[in-house]
Amino acid sequence: MDDKHMQIGEVAARTELSLRTIRHYEETGLVAPSARSQGGFRLYTETDVQRLMVVRRMKPLGFTLEQMRDLLDATDRLDGDDALDDEREALLDRVRAYERAATEQVEKLRVQLHRAEDFAATLRARLPETASSAGA
């Protein structure tokens, strides 16, 4: 194995995804190992890690596997040199739509987080002060 390839354990550590999750994403076609070792172990590149990071970031925002696959396809095609000008604009429109959806979801999550913080503060205010909090 050379410096360009990583085994699945290293990829899991870098992405903070479980081995099982990475294998699931492979089964669903979101990411595929770039190579296999002579012993049959999956080998990944930095590009593969970046694809997994896109998936990891999309998941908590509620994107489906199909949407993840669609965005990865669009970005792969944009990164390729063979995209025609008219196709390029359509691909950029797809990416823009995902950016808008992500931004909307982030805002909803901010509202939820603010409400959760308010709730925790309300509970904290109901608790009697302890010696450690009184001295702090």
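Rings of Phe, Tyr and Trp (its six-membered ring) pair if their centres lie within 6.5 Å; planes under 30 degrees apart count as stacked, over 60 as edge-to-face and the rest as tilted. Before using that, some ground rules: this is a predicted model, where local features need pLDDT of at least 70 and side-chain atom pairs count only at pLDDT 80 or more, while totals for chains, interfaces and linings use all residues. Numbering runs from 1 along each chain as its sequence is written, and side-chain values use heavy atoms, with hydrogens and water left out.

**Exercise 1. Find the aromatic pairing in the whole structure, and work out which parts it ties together.**

Step 1: Search the whole structure with the ring rule, and one aromatic pair turns up.

Step 2: The partners are Phe63 and Tyr98, with 5.9 Å centre to centre and 55° between the planes, so by the cut-offs the pair is tilted.

Step 3: Now place the partners. Helices (H or I, at least four residues) and strands (E, at least two) are DSSP runs, numbered from the N terminus. Phe63 sits in the loop between helix 3 and helix 4, and Tyr98 in helix 5, so the pair ties together parts that are 35 residues apart in sequence.

Step 4: Check the surroundings. Phe63 and Tyr98 are both buried (buried means under 20% relative accessible area, exposed over 50%, partly exposed in between, with a 1.4 Å probe and protein chains only).

**Exercise 2. Describe the largest nonpolar core and say which helix gives the most to it.**

Step 1: Get the term straight: a nonpolar core is a set of buried Ala, Val, Leu, Ile, Met, Phe, Trp, Tyr and Cys residues joined through side-chain atoms within 4.5 Å.

Step 2: The largest one has 22 residues, and those with the most contacts inside it are Val11, Ile22, Tyr25, Leu52 and Phe63.

Step 3: At least two core residues come from each of helix 1 (8-15), helix 2 (19-27), helix 3 (46-58), helix 4 (65-79) and helix 5 (85-126). Helix 3 gives the most, with five residues.

Step 4: Zoom in on Tyr25. Leaving out residues up to four places away in sequence, Tyr25 touches Leu17, Leu30, Val31, Leu52, Val55, Lys59 and Leu65 (contact means heavy atoms within 4.5 Å).

**Exercise 3. Which residues of helix 1 are buried, and what covers them?**

Step 1: The buried ones are Ile8, Val11, Ala12 and Thr15.

Step 2: These residues lie on the same side of helix 1, because they cover an arc of only 100° around the axis (the arc is that of the directions from the helix axis to the C-beta atoms).

Step 3: Their cover includes strand 1 (6-7), helix 2, strand 3 (42-44) and helix 3.

Step 4: Look just past the helix: Glu16 follows helix 1 and has a positive phi, near 60°.

**Exercise 4. Follow the salt bridges of Glu26, Arg94 and Asp93 to their partners.**

Step 1: The rule is a side-chain nitrogen of Lys or Arg within 4 Å of a carboxyl oxygen of Asp or Glu. By this rule the count comes to 13 salt bridges.

Step 2: Glu26 pairs with Arg42, with the closest N and O atoms 2.5 Å apart. Glu26 is in helix 2 and Arg42 in strand 3, so this bridge ties together parts 16 residues apart in sequence. Arg42 is partly exposed, at a relative accessible area of 22%.

Step 3: Arg94 pairs with Asp70, and here the closest N and O atoms are 2.6 Å apart. That links helix 5, home of Arg94, to helix 4, home of Asp70, so parts 24 residues apart in sequence are tied together. Arg94 is partly exposed at 23%, and Asp70 counts as partly exposed at 24%. Asp70 also touches Tyr98.

Step 4: Asp93 pairs with Arg96 at 2.7 Å between the closest N and O atoms. Being three residues apart in helix 5, they are separated by about one helical turn. Asp93 is partly exposed at 41% relative accessibility, and Arg96 is partly exposed at 36%.

Step 5: Join up the bridges that share partners, and Asp70, Asp73, Arg77, Glu87 and Arg94 form one network.

**Exercise 5. Is Asp48 buried or exposed, and which side chain of opposite charge is nearest?**

Step 1: Asp48 is in helix 3.

Step 2: Asp48 is buried yet has no salt bridge; Arg51, the nearest side chain of opposite charge, is 5.7 Å away (Lys and Arg count as positive and Asp and Glu as negative; His and the chain ends are not counted).

Step 3: Setting aside residues up to four places away in sequence, Asp48 touches Val31, Ala32, Pro33, Ser34 and Leu43.
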